[in-house]
Amino acid sequence: MPAKVPADPGLSVCTCLRLRKAARRVSLIYDQHLEPLGLTITQYGLLAQLSAFDGIGIGELAEKLIMDPTTLTRNLRPLERDGLVVFAADPRDRRARRLHLTARGRDTFDAARPAWRRAQRQIEETFGPANTSALNATLDRMLDRLQA
């Protein structure tokens, strides 16, 4: 019988691996709640951002989301295809594009909000209200400190 290769001890303490695994599990819960509306949590999040920052530029939104602009554009394409988002030329700089929710995009976002709230509740019920609050505070602090 071949000898069992020991796991890399670095993986057992890897913060990135833990965060990514947790993010995939949490995303799955949100996706399950949003799926009847034809959205993923990524798409819902983009609609939420555009609802709050109508007319934002792609670069500025990518910066807020800590994403590469190319990846952001790729994630926005299905929303554009479905008529939820439009790319419009910036009136001050025709080379730049501004993002806007369409009326259909606003309606979709509003219709999806209760499903998003149900997913939030499921996470809180599973993890506990105090743990969820502590996790959110810790993640906010982490993001602030890693900003540099």
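Here are some short exercises, with worked solutions, on the predicted model shown above.

**Exercise 1. Confidence**

Find the mean pLDDT of the protein, then pick out the elements with the lowest and the highest mean.

*Solution.* Start with the whole protein: its mean pLDDT is 92, and 92% of its residues reach 70 or more. Next, go element by element. Strand β2, residues 93-101, has the lowest mean, at 87. Helix α2, residues 41-52, has the highest, at 98.

**Exercise 2. The nonpolar core**

How many residues does the largest nonpolar core have, and which elements give two or more residues to this core?

*Solution.* Count first: the largest nonpolar core has 26 residues. Now look for the ones with the most contacts inside this core, and you get Leu-47, Leu-50, Leu-76, Leu-79, Val-85 and Leu-99. Then turn to the elements. Those giving two or more residues to this core include the helices α1 (15-34), α2, α3 (58-65), α4 (69-81) and α5 (103-127). Strands β1 (85-90) and β2 are on that list too. As a bit of background, nonpolar side chains in soluble globular proteins tend to be buried together.

**Exercise 3. Two sets of contacts**

List what Leu-79 and Thr-108 are in contact with, leaving aside neighbours within four places in sequence.

*Solution.* Take Leu-79 first. With those neighbours set aside, Leu-79 is in contact with Leu-39, Gln-43, Leu-46, Leu-47, Leu-84 and Val-85. Now move to Thr-108, which sits in helix α5. With the same neighbours left out, Thr-108 is in contact with Leu-39, Leu-47 and Leu-84. Finally, check the cover: Thr-108 has a relative accessibility of 16%, and the cut-off for buried is under 20%, so Thr-108 counts as buried.

**Exercise 4. A second threonine**

Is Thr-73 buried or exposed, and which residues does Thr-73 touch beyond four places in sequence?

*Solution.* Place Thr-73 first: you'll find this residue in helix α4. Its relative accessible area is 13%, so Thr-73 is buried. Beyond four places in sequence, Thr-73 touches Ile-58 and Arg-97.

**Exercise 5. Salt bridges**

How many salt bridges does a search of the whole structure find? Work through the ones of Arg-77, Arg-81 and Asp-90.

*Solution.* The search finds six. Let's take three of these pairs in turn.

- Arg-77 and Glu-80 meet through their side chains at 2.7 Å, N to O. Both lie in helix α4, three residues apart, which is about one turn of the helix. Arg-77 is partly exposed at 36% relative accessible area, and Glu-80 is partly exposed at 29%.
- Arg-81 pairs with Asp-82, with the closest N and O atoms 3.2 Å apart. Arg-81 counts as exposed at 63% relative accessibility, while Asp-82 counts as partly exposed at 29%.
- Asp-90 pairs with Arg-98, the closest N and O atoms being 2.9 Å apart. Both Asp-90 and Arg-98 are buried. Salt bridges with shared partners join Asp-90, Arg-92 and Arg-98 into one network.

**Exercise 6. A positive phi**

What is the phi of Ile-66, and where is Ile-66 found?

*Solution.* Phi of Ile-66 is near 55 degrees, a positive value in a residue other than glycine. Is that the usual sign or the unusual one? Most residues other than glycine have a negative phi. As for the place, Ile-66 is in the loop between α3 and α4. With 67% relative accessibility, over the 50% cut-off, Ile-66 counts as exposed.

**Exercise 7. Apart in sequence, apart in space**

How far apart in sequence and in space are Pro-36 and Ala-115, and how far apart are Gly-45 and Leu-65?

*Solution.* Pro-36 is in the loop between α1 and α2, and at 66% relative accessibility this proline counts as exposed. Pro-36 and Ala-115 are 79 residues apart in sequence and 8.9 Å apart in space, C-alpha to C-alpha. Gly-45 lies in helix α2 and is partly exposed, at 26%. From Gly-45 to Leu-65 you go 20 residues in sequence and 9.6 Å in space, again C-alpha to C-alpha.

**Exercise 8. A surface patch**

Which residues make the nonpolar surface patch of about 270 Å²?

*Solution.* The patch is made by Leu-19, Met-142 and Leu-146. Zoom in on Leu-146, which has its place in helix α6, residues 129-146. Leu-146 has a relative accessible area of 62%, so this leucine is exposed.

Definitions and conventions: Residues are numbered from 1 along each chain as its sequence is written. This is a predicted model: local features need pLDDT of at least 70, side-chain atom pairs count only at pLDDT 80 or more; totals for chains, interfaces and linings use all residues. Side-chain values use heavy atoms; hydrogens and water are left out. Patches are made of residues with over 30% relative accessible area and no salt bridge: like charges are joined within 9 Å, nonpolar side chains (Val, Leu, Ile, Met, Phe, Trp, Tyr) within 5 Å. Accessible areas come from the Shrake-Rupley method with a 1.4 Å probe; for residues, only the protein chains shown count as cover. A salt bridge is a side-chain nitrogen of Lys or Arg within 4 Å of a carboxyl oxygen of Asp or Glu. Helices (H or I, at least four residues) and strands (E, at least two) are DSSP runs, numbered from the N terminus. Buried means under 20% relative accessible area, exposed over 50%, partly exposed in between (1.4 Å probe, protein chains only). pLDDT is the predictor's confidence in each residue, from 0 to 100. A nonpolar core is a set of buried Ala, Val, Leu, Ile, Met, Phe, Trp, Tyr and Cys residues joined through side-chain atoms within 4.5 Å. Contact means heavy atoms within 4.5 Å.
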